[in-house]
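Trainee: Could you take me through one part of this protein up close? I'd like to see how a pair of helices packs together.

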Amino acid sequence: MELLKNLEWRYATKKFDPNRKVSQTNLEKIKRAIQLSVSSYGLQLYKVLIIENKNIREQLKPVSWNQNQITDASHLFVFCNYTKINDDDIDDFIRLTSQTRNIEMAKLEGYGEFIKMKLAEKSEAEQTNWLERQPYLAVSNLLIACSELEIDACPMEGFEPDKYNEILGLTEKGLNTCVIATIGYRDDSDRSQDLPKVRKSTDLLFEEIEQKVPESLVSS
Ligand SMILES: Cc1cc2nc3c(=O)[nH]c(=O)nc-3n(C[C@H](O)[C@H](O)[C@H](O)COP(=O)(O)O)c2cc1C
């Protein structure tokens, strides 16, 4: 399985070669992989900023635990969740579904109302938590796509979201920085690439629950 080989190859890159850039063709492939990510109900209530600009990344580095990846990588992806669930976003999704699948709006309205009702049942804290979980699935697709393209990447939570929101002017747009990822090409001197992967054993990580056979089906 190629995917497993790719997942063995990738690692959270600590040191990028600042002189190597990801091509536009590959960027488009990574964007498509992100676009194809799963999301709850398919709503995709987030936005992804792709930052190449050196000045902006220099500003972001001190509020990213001074991690060198921010400025040395080719591009910085900033995954921003919507801060609120608005009925308009659900309506937009229903309209898009109607257009894409050529289904009358009237046939989809009930589903839209169902989504609105289920999301309204959540407390504000639960909604925020739910909104902030969605972009992680997109980050996962970015990592998988990069590994197939032999592009290095580092998912990152070591940054100050409030400062990102301020520097990038996100709060006024109803967005919040949730998680980020840097992509580019590893520097030969990055020793992390030689380290064996630290992973729990499958015994610890998985538990297989066997199906219990009902008494009536057991032959005497
Ligand atoms: C949500 C998340 C946040 C992370 N934040 C950082 C970070 O700020 N800096 C960093 O160097 N690595 C970060 N990592 C990388 C992890 O430490 C790394 O994925 C983990 O140790 C497994 O190693 P591997 O990715 O090399 O296999 C993060 C990973 C995830 C999933």
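**A close look at α2 and α7**

Mentor: Sure, and let's begin with the stretch that holds the pair: the end C-alpha atoms of residues 8–185 lie 16 Å apart, and this span is 49% helix and 16% strand. Helices here are DSSP runs of H or I with at least four residues, strands are E runs of at least two, and both are numbered from the N terminus. An unreviewed UniProt entry lists those residues as "domain: Nitroreductase"; such annotations may be inferred rather than shown by experiment, and the positions follow the numbering used here. Keep in mind that this is a predicted model, where local features need pLDDT of at least 70 and side-chain atom pairs count only at 80 or more, while totals for chains, interfaces and linings use all residues. Residues are numbered from 1 along each chain as its sequence is written, and side-chain values use heavy atoms, with hydrogens and water left out.

Now for the pair itself. Two packed helices are described by the angle and the distance between their axes. For α2 (residues 24–35) and α7 (residues 124–148), the axes come within 8 Å and cross at roughly 145 degrees. Those axes are lines fitted to C-alpha atoms over the stretch in contact, with angles from 0 to 180 degrees between N-to-C directions.

Who touches whom? On the α2 side, I30, A33 and I34 meet A138, N141, L142, A145 and C146 of α7, where contact means heavy atoms within 4.5 Å. By class, that makes seven nonpolar residues, one polar and no charged; Ala, Val, Leu, Ile, Met, Phe, Trp, Tyr, Cys and Pro count as nonpolar, Asp, Glu, Lys and Arg as charged, and the others, Gly among them, as polar.

Zooming out, the protein has nine helices and four strands.
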